[in-house]
Amino acid sequence: MERKLAAILAADVVGYSALMEQDEQGTFERLKAGRKELFEPEIARHHGHTFKLMGDGLLAEFSSVVDAVECAVSLQHALAERNAAVSEDHRIRVRIGINLGEVIVEGEDRYGEGVNVAARLQQLAEPGGICVSAKVAKEVEKKLAFGFEPMGQQKLKNIAEPVQAYRVLVDPAVAGKPMAVNRHPRFRRNLAVAIGVLVIAVGLAAAWWRPWESPPRPAALTANAKADPRPSLVVLPFDNLSDDKAQGYLADGFTEDLTTELARVPGLFVISRNAASTYKDKETKPAEVAAALGVRYILEGSIRRVGDDMRINAQLIDGSTTGHLWAERFDGQWTDVFALQDKVVVSIAGALKLRLVSAQGKADVAGGTRNPAAYEAYLQGLEIYNRRNTPDEFAQAVRFLQQALELDPNFGAAAASLAWAYWEMDGPRGKALAVSDIGALYNVYKYLDQAAKHPSPSYYQLVASLLVREHRSDEAVAVMFKAVALDPSDPLNYVGLAEALNFNGRPNEARDYLVAANRVDPGGNDHRHYLAGLAEFGQGRFEEAVDYLERIDLQSPDPWPKFYGLQVLVSAYAHLGRSDQVAAYSDRLRNVMLERKDGGANQLVTQRYFVFKNPTDIGRLLDGLDKAGLPELPEEVDLDAKDRLTGSEIRSLILGRDLRGGGAWIDKGTSWVQQNFLCDAIPKVQTTCGAIFRNPAGTPERRNEYTAVFRFDRFEFSTVK
């Protein structure tokens with residue numbers, strides 16, 4: 001019996017019986033003409049073929065899910081045009097459903113759940129609409145301009161498991177509507193908190209990061225497989241063969257940990273888990289995978305768990321010959337899961353004749369655990385956290401992670417994941433957790449302090465991001481070198497290092513590590529486009545910067561690449577003297593800044609987020625924004641410009657002096673002057689910059705000789721000589 005993976009399109013005429021009863025001959029002729037003139041040519045044009053015809057519908061097969069969705073949209077648009085020319089009671093409208101799944105091949109016919117789900121999804125579609133499964137939406141959301149609206153979990157007739165369904169938005173007015181926010185790139189939200197938060201944040205007793213010994217510098221990285229002499233490997237997602245399909249998180253966790261451990265084997269290059277995940281639940285040919293990812297070897301396998309008994313099957317394939325180099329079965333108890341992982345790593349390294357790292361296990365090296373119950377709770381939490389979740393699911397994920405940490409207080413990766421969760425918390429999520437913004441910020445540093453005792457790569461990633469925002473990019477670079485050393489297969493480590501290097505005044509090195517990120521995770525994304533553009537901009541290469549920055553998807557639901565990238569893009573175009581592009585992108589920038597509710601479009605907002613070490617770097621960005629007409633201060637500032645202090649006046653009159661008045665702002669951390677602004681980096685709070693004005697009516701006694709103007713606040717103060 002032959003089986004294969006296929007995209008199945010099911011189409012059905014709406015109200016077929018009523019149409020036939022009203023005008024049997026006319027309806028038959030219109031349907032026949034529609035098939036010959038529209039459906040058959042469109043399906044063929046999109047490389048599909050019809051394998052079953054019914055009186056009121058058809059089933060078609062496509063080898064490409066992109067072709068299937070494009071064909072469905074083309075059919076619905078063409079039918080709408082045809083219907084516009086006929087009366088309402090003669091219009092033929094169709095529902096379409098699309099599923100990606102395994103089918104049984106029998107001659108020209110196709111059977112199985114892959115077909116059945118497509119037929120049931122068709123019944124959920126609106127007249128003239130298209131309904132697809134989550135597998136379809138995930139495959140095409142980044143490749144097509146159509147939007148996808150979640151319809152929730154649907155219980156389909158004669159289908160055992162509920163199916164997540166999505167409505168395709170074929171209306172051009174809403175095309176591009178996102179499925180949900182993508183949370184993977186490390187542009188993280190910054191909690192909007194009042195000045196009172198400073199007392200809480202600074203007052204936390206535990207130090208969340210301490211300088212370590214000088215970190216090892218990663219080995220030289222190469223841009224492509226041909227230039228890299230090391231054996232290269234990808235770990236494809238292991239199949240979950242357990243009767244309980246909900247235990248898929250075990251297979252996912254095993255795959256991820258195996259990828260990380262193999263990446264630490266000296267002399268072996270390993271593709272990221274993220275890149276490998278695109279092949280999940282797909283029938284793949286080893287040679288095609290090897291060519292697409294630029295690797296020589298492919299590891300694939302499966303996990304089956306029945307109660308406490310586990311069986312792991314794994315095989316190593318040479319992608320150049322498709323020959324099997326090694327295959328083995330590992331049996332054991334769930335409580336032995338870590339020993340089983342170690343056996344797989346040792347066996348593969350032996351098959352490739354590579355030297356293993358020394359004796360330290362995962363729990364000692366990467367913030368892991370040797371507690372199976374804690375490990376399982378952690379995997380359950382991550383599985384929920386990493387999918388497009390609701391606020392209630394987010395809260396459920398946090399509870400699983402907290403359970404993991406309670407079971408093993410030394411589980412550093414669980415503590416780091418909790419820190420990330422609270423850093424990413426927004427209003428609806430906070431409501432689900434019953435946690436305020438202030439409480440979330442407190443928890444970020446509480447869990448970072450716990451994670452610091454057994455650091456993991458994700459811990460270093462968050463610490464580095466926070467250090468950059470505190471004007472401490474030297475330390476951030478050192479931290480990210482440690483992360484890369486712990487997991488050379490994680491693209492986020494290279495991306496975090498590139499970000500730190502960009503703000504540290506080393507854009508040429510940042511570009512090298514972005515190349516490394518693209519090597520372990522081919523394809524790139526908006527975050528990397530922004531960082532690559534920033535690296536070019538930092539070297540004064542404005543044309544090259546524009547080339548990268550214009551690749552950012554401005555329709556994406558993720559606000560951060562747009563927010564950062566548009567500021568650099570507008571500045572670059574201003575430096576190039578291209579007024580038309582400056583005007584066009586300035587409008588988009590203002591809209592994005594307004595959406596952020598960050599004080600409108602002005603240079604105080606820019607300096608809050610672009611925390612460069614070197615004055616020339618922030619100067620380059622602000623000079624371009626000046627040329628573009630971006631105001632320095634919020635429009636509501638009503639102070640006289642002649643009373644504003646210059647940078648040199650701030651240095652001589654303010655910097656290094658004791659200040660009186662000003663409330664909480666006076667209790668600041670490190671201060672410096674950039675251009676005509678005074679900037680402060682307060683521990684555990686982001687950098688803030690402001691303008692200083694003389695107060696002509698101020699006196700030392702009233703402590704109001706000067707006024708400091710920030711994004712949302714202003715403070716009156718005096719200096720003590």
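Helix 13 passes helix 14 in a left-handed crossing. The model is a predicted one. Helix 13 covers residues 391-407 and helix 14 covers residues 412-423. Their axes lie 9 Å apart, at an angle of about 150°. Angles over 145 degrees count as roughly antiparallel, so helix 13 and helix 14 fall in that class. On the helix 13 side, the contact is formed by Phe-394, Val-398, Leu-401, Gln-402, Ala-404 and Leu-405. Helix 14 contributes Ala-414, Ala-415, Ser-417, Leu-418, Ala-421 and Tyr-422. By class, 10 of these contact residues are nonpolar and 2 are polar. No charged residue takes part in the contact of helix 13 with helix 14.

A second helix pair was examined in the same terms. Two packed helices are described by the angle between their axes and the distance between the axes. For helix 17 (residues 457-469) and helix 18 (residues 473-486), the angle is about 165° and the axes are 8 Å apart. Helix 17 and helix 18 are therefore roughly antiparallel. The crossing of helix 17 past helix 18 is left-handed. Helix 17 makes the contact through Pro-457, Tyr-460, Gln-461, Val-463, Ala-464, Leu-467 and Val-468. From helix 18 come Ser-473, Glu-475, Ala-476, Val-479, Met-480, Lys-482, Ala-483 and Leu-486. The contact of helix 17 with helix 18 comprises 11 nonpolar, 2 polar and 2 charged residues.

The loop between helix 17 and helix 18 holds His-471. His-471 is not a glycine, yet its phi is positive, at about 65°. Its relative accessible area is 26%. Partly exposed residues lie between 20% and 50%, so His-471 belongs to that class. Ala-434 also has a positive phi, near 60°, in a residue other than glycine. Most residues other than glycine have a negative phi. Ala-434 sits in the loop between helix 15 (427-433) and helix 16 (437-451). Its relative accessibility is 71%. The threshold for exposed is over 50%, and Ala-434 therefore counts as exposed.

Across the chain, the secondary structure comes to 27 helices and 20 strands. The chain has 721 residues, of which 54% count as buried. Contacts between residues at least 6 apart in sequence were also sorted by separation. Of these, 65% join residues at least 24 apart.

In soluble globular proteins, nonpolar side chains tend to be buried together. The largest nonpolar core here has 150 residues. Phe-238, Leu-262, Leu-299, Tyr-530 and Phe-610 have the most contacts inside this core. Another core lies apart from it and has 36 residues. Leu-9, Val-73, Leu-100 and Val-140 are among the residues of this other core. Beyond its neighbours within four places in sequence, Leu-262 is in contact with Leu-233, Val-235, Leu-268, Val-270, Leu-299, Val-345 and Ile-348.

Three buried sites were then taken in turn. Ser-302 lies in strand 12 (residues 297-306). Its relative accessibility is 8%. Buried means under 20%, so Ser-302 counts as buried. With residues up to four places away in sequence not counted, Ser-302 touches Phe-238, Asp-239, Leu-241, Arg-311, Ile-312 and Asn-313. Phe-238 is also one of the residues with the most contacts inside the largest nonpolar core.

Val-132 belongs to strand 6 (residues 130-133). The relative accessible area of Val-132 is 0%, and the residue is buried. Val-132 contacts Ile-98, Leu-121, Ala-137, Phe-148, Gln-164, Ala-165, Tyr-166 and Val-168, leaving aside neighbours within four places in sequence. Of these partners, Ala-165 is 33 residues away from Val-132 in sequence. Their C-alpha atoms are 5.8 Å apart in space.

Gln-607 is part of helix 25 (residues 603-609). At 1% relative accessibility, Gln-607 counts as buried. Residues up to four places away in sequence aside, Gln-607 touches Ile-618, Leu-622, Gln-674, Phe-677, Cys-679, Thr-687 and Cys-689. Gly-690 is 83 residues from Gln-607 along the chain. The C-alpha atoms of Gln-607 and Gly-690 are separated by 9.1 Å.

Terms used
Residues numbered from 1 in each chain as written. Predicted model: local features only at pLDDT ≥ 70, side-chain atom pairs only at ≥ 80, totals over all residues. Heavy atoms only, no water. Helix = DSSP H or I, 4+ residues; strand = E, 2+ residues; numbered from the N terminus. Buried < 20%, exposed > 50% of the residue type's maximum accessible area, 1.4 Å probe, protein only. Contact = heavy atoms within 4.5 Å. Core = buried A, V, L, I, M, F, W, Y, C linked by side-chain atoms within 4.5 Å. Axes fitted to C-alpha atoms, helices over the stretch in contact; angles between N-to-C directions. Parallel < 35°, antiparallel > 145°, perpendicular 65-115°, else oblique. Left-handed = near helix turned anticlockwise from the far one by under 90°. Nonpolar A, V, L, I, M, F, W, Y, C, P; charged D, E, K, R; others polar.
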